[in-house]
There are 2 protein chains.
Amino acid sequence: MPRSTPGRRPATLASLAAELGVSRTTVSNAYNRPDQLSPELRKRVLDTARVLGYPGPDPVARSLRTRKAGAVGLLLTENLSYAFRDPGAIEFLEGLALACEDAGQGLHLVPASPEREDVASVHRAGVDGFVVYSVPEDDPHLAAVLERPLPTVIADQPRAASVDHVGIDDHAAIQRLARHVIELGHKHVGVLCMRLGRDRNDGFVSLARQHSARYHVQRARLAGLRDAFEAAGVDWNTVAVVERFDHSLDDGARAAGQLLDRDPQVTAILCTSDLLALGALDEASRRGLRVPQDLTVTGFDGIAEALRTELTTVRQPVLDKGRTAGELLLSTKDPGRPRSVTLDTELITGKTSAGPRGYEEPWFGP
Amino acid sequence: MPRSTPGRRPATLASLAAELGVSRTTVSNAYNRPDQLSPELRKRVLDTARVLGYPGPDPVARSLRTRKAGAVGLLLTENLSYAFRDPGAIEFLEGLALACEDAGQGLHLVPASPEREDVASVHRAGVDGFVVYSVPEDDPHLAAVLERPLPTVIADQPRAASVDHVGIDDHAAIQRLARHVIELGHKHVGVLCMRLGRDRNDGFVSLARQHSARYHVQRARLAGLRDAFEAAGVDWNTVAVVERFDHSLDDGARAAGQLLDRDPQVTAILCTSDLLALGALDEASRRGLRVPQDLTVTGFDGIAEALRTELTTVRQPVLDKGRTAGELLLSTKDPGRPRSVTLDTELITGKTSAGPRGYEEPWFGP
DNA sequence: GCAGCAGACCGTAACGGTTCAGAAGCCGTT
DNA sequence: AACGGCTTCTGAACCGTTACGGTCTGCTGC
């Protein structure tokens with residue numbers, strides 16, 4: 001570990017050049033363009049560098065000059081560590097990391113806790129572009145990202161004009177799921193959804209709040225459910241929607257409990273995420289409700305745990321989404337018109353959905 | 001989104017200063033030291049910046065001057081996306097992310113796939129320090145990190161002199177677990193371990209390979225097992241050790257199968273990770289072996305899934321490890337003697353360990 | 001004997017900021 | 001009138017590198 005000689009200023013390209021009696025250009029070339037100088041001189045440069053403890057060109061100075069940071073910024077606007085709690089976020093991260101890796105780019109996670117609205121971290125990030133994942137439309141960090149003159153890709157939400165976008169058709173996907181539930185015969189249902197705004201509201205959601213939700217994805221999914229059920233003759237005003245700020249199994253369970261307490265006759269609980277649905281399953285079993293005989297539960301996302309549980313849900317290609325976001329960003333050349341990629345989803349009919357009590361198909365045993 | 005006026009060069013601090021007829025210093029102060037200029041002038045600066053589309057001081061140029069990048073580098077030396085597959089790695093990342101967030105620092109994931117030995121990504125990373133997580137001792141990326149004149153913290157492995165370190169006492173921890181298994185009466189055991197070097201070797205491991213393992217953690221755990229069993233009169237030469245390059249449930253299952261095929265009489269399988277142990281459980285059930293009656297299985301790490309399964313294992317505070325690594329790094333001031341933090345572990349006696357067939361404690365029913 | 005050319009190396013000008021030691025102006029004090 | 005102190009703003013140095021457009025040397029070919 002040849003750290004620079006203590007007591008002396010650390011070596012720079014210039015000091016190394018001076019020591020060698022060559023120009024800075026030559027030293028630079030020794031590192032970056034071996035073909036631009038003779039092998040002998042190059043070896044002499046590199047050897048002397050070792051002796052002097054010169055660690056090679058400073059990355060920051062190089063970035064300034066070349067206008068390339070070699071890294072992609074990721075904005076999540078949650079406690080940064082949230083990214084590592086949520087299965088969907090992890091998979092997205094993985095996809096994005098794959099894309100970055102392929103391109104030899106680093107992935108710079110920007111600290112952006114929702115509490116202290118410290119936008120400085122966005123300003124301070126030395127990156128070549130941003131990926132924004134699932135932030136509310138009125139997020140100040142998002143605004144800060146958009147102010148920077150860098151290519152940006154937004155995943156999921158919010159849909160902003162003039163910025164590249166990758167996501168799914170949430171409205172259509174959940175509508176398909178809703179129709180499946182409707183066809184099973186369910187008329188009296190309840191809904192569990194994720195946070196609709198930056199303010200905490202753990203409880204029932206008014207129609208107004210549904211409409212003014214700051215998260216496009218949640219808004220679209222609720223609207224999809226509403227459209228499907230109203231088309232089936234269900235008055236959406238009568239459908240209880242319970243919101244949870246935090247996204248965890250326990251919160252799903254608690255939300256389901258809240259719903260079942262107020263509206264015990266529901267025969268199906270539709271959740272806008274798998275995690276909430278898995279929590280609802282826990283709560284159901286705690287109450288002695290059999291799924292799907294006594295209660296139908298559906299999710300959204302298709303996380304591994306949900307597929308293992310055979311939850312009825314919508315699978316979306318989260319990994320692809322992350323990778324596509326990265327590829328989109330890294331392939332940005334000229335600022336043409338913003339691109340938008342919509343990925344496919346798949347309805348997964350698992351074992352947590354069936355007709356409501358009294359509506360079962362007749363049983364013709366062997 | 002006031003991007004800079006097209007057709008003109010993007011605004012800089014200098015051009016903004018010229019436009020305003022003030023010095024660059026003043027513009028800089030407007031952003032960084034509001035108390036250094038009159039509120040009116042500051043407002044004028046900021047307003048004009050908005051009009052001109054000046055996005056604020058360039059982060060890279062600032063970093064060059066201040067010699068602070070505002071980010072911590074993380075070296076994993078796996079496909080970058082590996083970090084998001086392994087539960088332990090995720091938890092470590094979460095802890096590290098928490099520490100970074102508290103300090104307002106970004107987290108820069110360095111792409112370092114083991115295949116292409118492209119050390120450039122390490123040289124190119126504009127960061128204030130590195131955290132190195134679980135890489136082999138002979139990794140070229142590690143060497144590249146150590147060559148950079150930056151504070152560095154190594155987590156788990158390798159133990160390198162002169163660099164800060166955080167980890168656990170793997171040797172002692174697994175020894176305690178081994179003694180638990182020994183006390184249950186097991187004499188005929190097998191071992192599953194993770195990769196021992198950068199070369200793939202999916203199969204049985206020679207003693208020589210055990211000794212020359214390039215992963216300190218695995219080497220220490222194997223040594224701990226060896227010492228415990230030899231102390232109990234078991235000849236370590238007779239103990240089959242199966243290695244797996246990839247770290248997944250399936251690989252654990254396959255490794256267990258390989259072990260059971262060759263050595264069907266083993267009464268216990270000790271694994272150096274929970275993931276391998278969980279895989280072994282799968283394989284046992286596939287073979288109709290009841291755990292723990294027919295087979296004892298133990299793990300190491302204490303990941304959530306293992307605790308849920310009530311696996312007998314060693315719990316280590318992975319999240320704390322990540323956080324400690326970050327705190328250590330970010331608190332580095334002067335390069336005193338290298339610090340080393342050893343975290344506590346806990347033996348968890350789950351439901352996957354019991355005495356071997358014929359050695360059960362006598363049963364005195366109620 | 002000289003034009004032409006390739007290879008090897010170099011000088012200068014950015015890149016976009018921050019910082020520090022003052023200067024200018026203004027006010028109140030002695 | 002001289003002085004000190006305060007606020008506000010400035011000039012110049014510096015951070016470490018790479019891009020650009022050269023120059024210089026020596027050799028080939030005729």
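Which side chain does Arg85(B) meet in a salt bridge? I looked this up in a predicted model and found the partner to be Glu94(A), with an N to O distance of 2.7 Å.

**Entry: polar links.** I then counted such pairs across the whole interface of chain A and chain B, where the rule finds 3 salt bridges. For polar contacts between chain A and chain B, I recorded 4 residue pairs, both residues of each being at pLDDT 80 or more.

**Entry: elements on the side of chain A.** I listed the elements of chain A that give two or more residues to the side touching chain B: the helices α4 (59-66), α5 (87-102), α6 (120-124) and α7 (140-147), together with the strand β2 (106-109). I noted that α5(A) gives the most, with 7 residues. By residue class, this side of chain A divides into 24 nonpolar, 14 charged and 11 polar residues.

**Entry: extent.** I looked up the size of the contact and found 49 residues from chain A and 49 residues from chain B. The two chains bury about 4200 Å² between them, and carbon and sulfur atoms account for 60% of that area. On the side of chain A, I noted that Glu94(A), Phe84(A) and Glu101(A) supply 15% of the area this chain buries against chain B, more than any other three residues. Glu94(A) is also the salt-bridge partner of Arg85(B).

**Entry: strands across the interface.** I checked β2(A) and found 3 bridges joining this strand to β2 (residues 106-109) of chain B. The two strands run antiparallel. Within this pairing, I recorded Leu109(A) opposite Leu107(B).

Methods: Residues numbered from 1 in each chain as written. Chains lettered and ligands numbered in written order. Predicted model: local features only at pLDDT ≥ 70, side-chain atom pairs only at ≥ 80, totals over all residues. Heavy atoms only, no water. Contact = heavy atoms within 4.5 Å. Buried area = accessible area lost by both parts, 1.4 Å probe. Salt bridge = Lys/Arg side-chain N within 4 Å of Asp/Glu carboxyl O. Polar contact = N/O pair within 3.5 Å; in protein donor to acceptor, adjacent residues only side chain to side chain. Helix = DSSP H or I, 4+ residues; strand = E, 2+ residues; numbered from the N terminus. Nonpolar A, V, L, I, M, F, W, Y, C, P; charged D, E, K, R; others polar. Pairing = 2+ DSSP bridges.
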